[in-house]
Amino acid sequence: MNIREVRSRVPDVMAIYLVAPTEENFKIIENDLNQNIFDNFYLNFIDKVDDYIFQNFFSNLINTNRYQRIYRISVHPIDFLMFHPKLFTLNIENSYQFLNLPGIQENEINNYYNKIGKGLYNLLYTLKTIPVIKYRQNWFAENIIKVVQDNFNYLFDKFPEIKEEFPRKNNALLIILDRDTDIPIMLHHAGSLGSMVNDLFGISRKKNDKKFEIDPHVDYIWNTYLTTDYPTAHGKISEDLKGIIEKTDFLNNSNSKSEDIEKVSEQINSTLDNIRDITIRQTVLKNHANSAEKLSNEIKTRFLDKFYDLEFTILSNRKSSKETYKKLVDILGLKSTNTNYKNDCLRLILIYYLIQNKASNEELNNIENLFNEYGINKNSFEYLKQKKSFEESMKKDNNSNSINEGGNSFFNYFANKSKNLIKGVSSLMSSEQPSTVADIVNNLSSKKNVNSFSSYNLLKKSIDDNINNNFEQVIVFMVGGGSLAEFEYIDQLLMQNHKNVYYFI
Amino acid sequence: MINNDGLESLQNSLDILKSLQKTINNIFNLELTEGENEELQSCFKILIFDDYVYEIICPLLKVFKI
């Protein structure tokens, strides 16, 4: 029953609440208690409850005897959403936009880090793993790590027996990276089943008319082919559909000869035995077949294969050339009538712009002309141009040592962010492939050293740069948001090296 | 019900599902260890959740037929 549903008294029943620990939910529970709706109340929360919420709740109940109806209060840290056994979300929308708001306050950023820290702790608790954490030095990842560490400290202090459920060694690696490490990948039209479905329709765990509904518990196509290139995944869907049709085709075949009756009977029995699996498989395949039809249409009318090819080349080479510029102009000249096409063009131009360390005046003029000539809104380009210019000025300040480490911390937030960004991307890439983050994650999870990264040991509760294991389980969190395109490249690269990766979008 | 292919593809990452399953089962079994709560164990129970929790647990509710 949904907590918002209106209800009247139900005697001899225990109500098991499993809800987020919000003030609103506590108010409803208090109301249910006051109205004697149930005989017993078992309260379960999906995240740690803030002290002030508990205080308010009990101060209202303490003068009545109603609190005696509360059987138990438990916290189960499951406050994260699973889109795939390796893919999660903390359900924080527009986080990159939020972090880059001009008027953002320091306490808002801290609240954001607090939410991330709690979310990461929830996943680690659920996975029953205490990882080594690697992060860029002199960056605000320490704030997130502190929240994770505090939550583990609280857990083991209050419930020391739970420690037995965790391994005594750090067998996993958690990597926390800043979204500014690689922005262009967020604009990329990637080619895997998951990226394309998410890019074109969006994904949801609930029934939604527009978005693609994800059910990671039964959708074997999604679970198996999420990061597989779309043509291969499409082939698998067609193959499986044919298989299902062949399996049940005999039911429609009324021309069976009498000598085949025994065989048909056997087939019917076998089909009946597996009817539940067949029904689930059919539903999954039907869902994917429907989306495949729409996807194919979008690919065709928006020339998405051409966008993918060129973007892949630009991202892999990490530089532009006259040839790539010419190809870009060719794609813009295709002039599709699909309403999303202009947005596709915008994404391609921005990738082309962002990939250049420093665009010359001529190149900038060329890019500006493209916006004007093809009637594409250039607000996002202007924003990125300003951001780049701001970062350049920070770089100059940094070189002249004008960043005061002990000064205003809010100013330092941006200063440190930019300082790391500038020296970041190009110096960290060690192989030619489209995702910088995939490359960094691959190096950090192997025994390779990566400059300017620190290791924090949650078991020792301190920085521990001597740890350089060959981790098999890797969790990646991007502060500012992730993308399925990025996950696709990380997963493909780490699979080659027999590593299992968990990722947050 | 998870079909064979789905189960196979999930094998490597089942830790999370198992842990979530354990959480839900524990909640419903009231994590009982002592006899004095047997009456509560056998009484009717109703699960109350909010929209966000529904999103987290709805597939599990389907799988475990709760």
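Of the 505 residues of chain A, 53% count as buried, where buried means under 20% relative accessible area, exposed means over 50%, and partly exposed is in between (1.4 Å probe, protein chains only). This is a predicted model, so local features need pLDDT of at least 70 and side-chain atom pairs count only at pLDDT 80 or more, while totals for chains, interfaces and linings use all residues. Residues are numbered from 1 along each chain as its sequence is written, chains are lettered from A and ligands numbered from 1 in the order in which they are written, and side-chain values use heavy atoms, with hydrogens and water left out.

Chain A has 18 helices and 13 strands; these are DSSP runs, numbered from the N terminus (helices are H or I with at least four residues, strands are E with at least two). Chain A exposes about 24400 Å², and carbon and sulfur atoms supply 47% of that area (Shrake-Rupley method, 1.4 Å probe; for residues, only the protein chains shown count as cover). Now for contacts, meaning heavy atoms within 4.5 Å. Take those in chain A between residues at least 6 apart in sequence: 75% join residues at least 24 apart.

Let's compare two residues.

| Residue | Location | Relative accessible area |
|---|---|---|
| Arg347(A) | helix 13 (residues 341–354) of chain A | 11%, buried |
| Ser452(A) | loop between helix 17 and strand 10 (453–457) of chain A | 26%, partly exposed |

What does the side chain of Arg347(A) reach at 3.2 Å? That would be the backbone oxygen of His188(A). If we skip neighbours within four places in sequence, Arg347(A) touches Leu187(A), His188(A), His189(A) and Asp199(A).

Ser452(A), with the same kind of neighbours left aside (within four places in sequence), is in contact with Tyr135(A), Arg136(A) and Gln137(A). As for Tyr154(A), its C-alpha is 30 Å from that of Ser452(A), and the two residues are 298 apart in sequence.

Finally, look at a helix pair. Helix 17 (residues 436–445) and helix 18 (residues 484–496) of chain A pack at an angle of about 35°, their axes 8 Å apart. Axes here are lines fitted to C-alpha atoms, for helices over the stretch in contact, and angles run from 0 to 180 degrees between N-to-C directions. On the helix 17 side, the residues making the contact include Val437(A), Val441(A) and Ser445(A), while helix 18 brings, among others, Tyr489(A), Ile490(A) and Leu493(A).

How values were computed
A polar contact is a pair of N or O atoms within 3.5 Å; within protein, one must be able to donate a hydrogen and the other to accept it, and residues adjacent in sequence count only if both atoms are side-chain atoms.
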